[in-house]
Amino acid sequence: MIDDVLGPSLDVLFCGINPGLMSAATGHHFARPGNRFWPALHLSGFTPRLLAPAEQHLLPSYGLGITNVVARPSATAAELSKQELVEGGRRLAALAEFVRPKVLAVLGVTAYRAAFARPKAAVGPQEEAVGGARCWVLPNPSGLNAHWTLDGIAGELARLRATL
C-alpha cells in the first residue's frame with residue numbers, strides 16, 4: 001500500500017487507478033519510468049519543473065495531492081475486479097469529503113466508469129460531484145495506454161488547470 005499524498009487546501013486531488021508493482025516497491029506514485037504522469041504534470045503547468053516520483057511530497061505545496069481508487073498493487077489495472085473498483089469509489093468519495101479538494105481528477109476513464117457506475121463517462125469534466133468535489137476524468141498516464149500521447153495527456157491536464 002502506498003500512502004496518499006495530501007495537504008490542506010488542495011486544488012486538485014489526482015487519483016490513479018491502483019499502484020503498479022514498481023510504485024508498490026518504491027512507495028512512490030506513478031514510479032514506473034514509462035509512466036507519463038510526472039512529465040504531463042509539468043508540461044501542463046501544474047509544476048514549475050519536472051518532479052521525480054521520489055519528490056511527490058512536494059505536491060501539496062503546489063495545491064496538489066495523489067491517491068488511488070484501489071490500494072492493491074498489480075502489474076496492470078486489468079487485474080482489478082469490478083467490486084474492488086466500486087469499493088474504491090466509495091472510499092474515494094469519503095476521502096474527497098474529508099480532504100475537500102476543489103477538483104477530484106481520476107486518471108483513467110474505464111476505472112472511473114466502473115467505480116462510479118457511469119458507463120458513458122468520457123475524458124473531461126463530469127456533471128456529478130464526488131464527495132462534494134468537482135470531478136474531472138483524465139487519460140490514464142500509464143505507458144500501457146497507447147491511445148494517448150504525452151502531449152495529449154498534458155493537454156487534458158492543462159484544460160483542467162485552466163478551470164482553477
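**Entry 1: the cores**

I began with the largest nonpolar core, which has 24 residues. Val69, Leu85, Leu92, Leu104, Val106 and Tyr112 have the most contacts inside it. I then looked up which elements feed this core: β1, α3 (82-99), β3 (103-107), α4 (109-115) and β5 (134-138) each supply at least two residues. The element that gives the most is α4, with 5 residues. A note to self before going on: this is a predicted model.

I picked leucine 92 for a closer look. Leaving aside neighbours within four places in sequence, leucine 92 is in contact with Cys15, Thr67, Val69, Leu104, Val106 and Phe116. Apart from the largest core lies another one, of 22 residues. I found Phe37, Leu41, Trp136 and Ala154 among them. It helps to recall that in soluble globular proteins, nonpolar side chains tend to be buried together.

**Entry 2: strand β2**

Next I turned to β2, which covers residues 64-68. Is β2 enclosed or open to the outside? I found that 5 of its 5 residues are buried, so the strand is largely enclosed by the rest of the structure. I checked the two faces of β2 as well, and both are covered. Leu64, Ile66 and Asn68 are buried on one side, and Gly65 and Thr67 are buried on the other.

Then I asked how β2 is joined to β1 (residues 12-16): 5 bridges link these strands, which run parallel. Phenylalanine 14 has isoleucine 66 in β2 as its bridge partner.

**Entry 3: the largest pocket**

I looked up the largest pocket and noted a volume of about 840 Å³. There are 37 residues lining this pocket, and the closest to its centre are Ile17, Ala77, Asn140, Ser142 and Leu144. Two elements give two or more residues to the lining, namely α1 (21-26) and α4. I also sorted the lining by character: 19 residues are nonpolar, 17 are polar and 1 is charged.

**Entry 4: asparagine 35**

My last stop was asparagine 35, in the loop between α1 and α2 (37-43). Why does asparagine 35 count as buried? Its relative accessibility is 14%, and the cut-off for buried is under 20%. I then listed what surrounds this residue. Leaving aside neighbours within four places in sequence, asparagine 35 is in contact with Phe30, Pro141, Ser142 and Gly143. Ser142 was already in my notes, as one of the residues closest to the centre of the largest pocket.

Conventions. Residues are numbered from 1 along each chain as its sequence is written. This is a predicted model: local features need pLDDT of at least 70, side-chain atom pairs count only at pLDDT 80 or more; totals for chains, interfaces and linings use all residues. Side-chain values use heavy atoms; hydrogens and water are left out. Buried means under 20% relative accessible area, exposed over 50%, partly exposed in between (1.4 Å probe, protein chains only). Helices (H or I, at least four residues) and strands (E, at least two) are DSSP runs, numbered from the N terminus. Two strands pair if DSSP finds at least two bridges between them. A nonpolar core is a set of buried Ala, Val, Leu, Ile, Met, Phe, Trp, Tyr and Cys residues joined through side-chain atoms within 4.5 Å. Contact means heavy atoms within 4.5 Å. On a 1 Å grid over the protein atoms alone, a cavity is a set of points where a 1.4 Å probe fits but cannot get out, and a pocket is an open set with protein on both sides within 12 Å along at least five of seven lines; lining residues have an atom within 4 Å of a point. Grid points are joined across faces, edges and corners, and a volume is the space filled by probe spheres set on the points. Ala, Val, Leu, Ile, Met, Phe, Trp, Tyr, Cys and Pro count as nonpolar, Asp, Glu, Lys and Arg as charged, and the others, Gly among them, as polar.
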